[in-house]
Amino acid sequence: MTTTGKAEHLARPSSIDFSRSEREQTDESLRLERDRVDRALDDEVSDADETADAIISHARALADALLAAARLKTDQTSAGHQPTAALRTSRDLEDHILQRERVTADHVLRTERSEHVSLLSQERQTTDHDLSHERARADTALAMRDDFMGIVSHDLLNLLNAIVGISSLIEKEVTREDHVERVAAHARRVQRSGARMRRLIGDLVDVASIEAGMLAVTLADGHPADVVTEAVETFQAQAVGSGVSLTAEVEPSVPPVAFDAARILQVLSNLLSNALKFTPAHGKVIVRLEQVERNVVCSVSDTGEGIPDDKLEAVFDRFVQLTKNDRRGVGLGLFISKCIVQGHGGRIWVENRVDPGSTFCFSLPIHERAGQLA
């Protein structure tokens with residue numbers, strides 16, 4: 001290729017039309033592929049029909065010839081006598097029956113061909129319906145993802161701005177006398193903002209691991225009561241600051257289980273964090289641990305607003321929030337908690353209380369090896 005030819009080749013416009021959406025290009029590709037398949041099917045069906053019709057016509061002609069030869073032989077053996085009236089009547093009846101059978105066979109063949117075309121049309125309608133449904137789901141997921149990314153970006157930016165602003169305040173405070181307490185308070189604010197950023201980023205990493213099928217759950221024998229105690233102690237200060245009573249009720253007979261203590265602590269932290277967010281002052285949050293048949297069941301009950309009935313299952317999906325403008329989370333904690341519990345072979349669910357509030361529960365199976373430690 002010459003230099004001029006190369007330039008012309010490089011300058012040639014791309015076959016991809018970037019002015020059109022990917023969905024429009026997909027629809028066009030699907031339409032062209034269907035047209036190609038239709039033409040191929042029409043050619044194949046036409047050839048098959050012609051071949052079948054030719055075979056049927058040949059078979060019928062052969063049958064007619066054999067019948068005519070048999071009748072001629074019968075007439076010749078009758079010493080040249082004309083066929084009797086009874087024989088002619090019998091032959092007319094045979095011809096009528098044969099013609100009727102052929103008409104019936106032709107009708108069946110036409111019906112089968114028509115049904116084949118109708119079946120293809122129905123299959124395409126089903127495919128179109130499934131495609132439309134899948135696209136609607138994809139649109140919803142994309143909209144939720146976009147909302148989620150907007151919330152995450154906003155929250156991370158706010159936390160980062162807070163850290164930068166507090167750092168500026170610390171820089172000014174250290175030049176003044178008696179600055180120790182003020183600087184220490186600013187440092188604690190930085191730590192809180194950093195902890196929230198770390199938790200948010202950790203959730204993003206967990207979601208990526210879940211989607212890749214690589215969420216790590218390392219089982220080891222231990223007592224879940226220890227994790228419940230640690231979780232309640234961790235959130236006790238937050239509960240007191242919010243004016244909420246936080247208590248734990250652990251049955252003494254709860255046996256040890258094989259579980260990932262760090263991951264189950266993560267689940268309890270998500271549940272307690274949500275319970276404290278949605279429980280007003282003077283409310284109660286109770287963590288219970290008990291054995292139910294061959295499972296250890298942990299529940300977190302609150303006296304908050306409760307969960308709308310249509311969200312009892314959906315709350316465990318990604319990016320789901322109780323209200324569209326709810327900024328108290330990004331809708332990942334319960335999804336991650338569900339995946340962690342399922343990774344242990346258990347299940348997680350939520351129930352509305354008779355009084356205001358809700359109860360989140362999850363179960364961990366009791367294995368024989370863990371039970372031997374009791």
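I264 is found in helix α6, in a model that is predicted rather than solved by experiment. Is I264 buried or exposed? With a relative accessible area of just 2%, I264 is buried, because anything under 20% gets that label. Now look for V227 in your viewer. I264 and V227 are 37 residues apart in sequence, yet their C-alpha atoms are 7.5 Å apart in space.

Those two residues have something else in common: I264 and V227 both help to line the largest cavity. Here's the general idea behind looking for such a space. Rolling a probe the size of a water molecule over the atoms shows where empty space is left. How many cavities of 30 Å³ or more does a search of the whole structure find? The search turns up one, and the volume of the largest cavity is about 40 Å³.

So who is standing around it? The lining is made up of P224, V227, V228, I264, L268, L289, V296, C298, F362 and L364. Two or more of the lining residues come from each of these elements: helix α5 (224–242), helix α6 (261–278), strand β5 (295–302) and strand β7 (358–365). Helix α5 chips in the most, with three residues. As for chemistry, the lining has 10 nonpolar residues, with no polar and no charged ones.

Strand β7 turns up again when you go looking for ring contacts. The count of aromatic pairs comes to one, and the partners are F316 and F360. Their ring centres are 6.0 Å apart and the planes meet at 75°, so the pair counts as edge-to-face, the label for angles over 60 degrees. F360 belongs to strand β7, while F316 is in the loop between β5 and α7 (333–343), so the pair, 44 residues apart, links distant parts of the chain. Both partners are buried: F316 has 4% relative accessibility and F360 has 8%.

Another ring has a charge for company. The charged end of R347 sits over the ring of W349, 3.8 Å from the ring's centre.

Next, try helix α4, which covers residues 180–211. How many residues does α4 have? It has 32, and the distance from its first C-alpha to its last is 46 Å, close to the 46 Å expected at 1.5 Å a residue. The buried residues of α4 are V183, H186, S193, M197, L200, D203, D206, V207 and I210. You'll spot charged names in that list, including D203 and D206. After α4 comes G213, with a positive phi near 70°.

That brings us to backbone angles. Most residues other than glycine have a negative phi, and most peptide bonds are trans. Two residues here that are not glycine have a positive phi: H282 and E293. Where do they sit? H282 is in the loop between α6 and β4 (284–292), and E293 is in the loop between β4 and β5. Both count as exposed, H282 at 76% and E293 at 70%.

Here are the two side by side:

| Residue | Phi | Relative accessible area |
|---|---|---|
| H282 | about 70° | 76% |
| E293 | about 55° | 70% |

If you're clicking through the structure, I264 makes a handy place to return to: I264 is buried, sits in helix α6 and lines the largest cavity. For a contrast, jump to H282, which is exposed.

Terms used:
Residues numbered from 1 in each chain as written. Predicted model: local features only at pLDDT ≥ 70, side-chain atom pairs only at ≥ 80, totals over all residues. Heavy atoms only, no water. 1 Å grid on protein atoms, 1.4 Å probe; cavity = no way out; pocket = protein on both sides within 12 Å on 5 of 7 lines; lining within 4 Å. Points joined across faces, edges and corners; volume = space filled by probe spheres on them. Helix = DSSP H or I, 4+ residues; strand = E, 2+ residues; numbered from the N terminus. Phe/Tyr/Trp six-rings, centres within 6.5 Å; stacked < 30°, edge-to-face > 60°. Buried < 20%, exposed > 50% of the residue type's maximum accessible area, 1.4 Å probe, protein only. Lys NZ or Arg CZ within 6 Å of the ring centre and 35° of its normal. Expected span 1.5 Å × (residues − 1).
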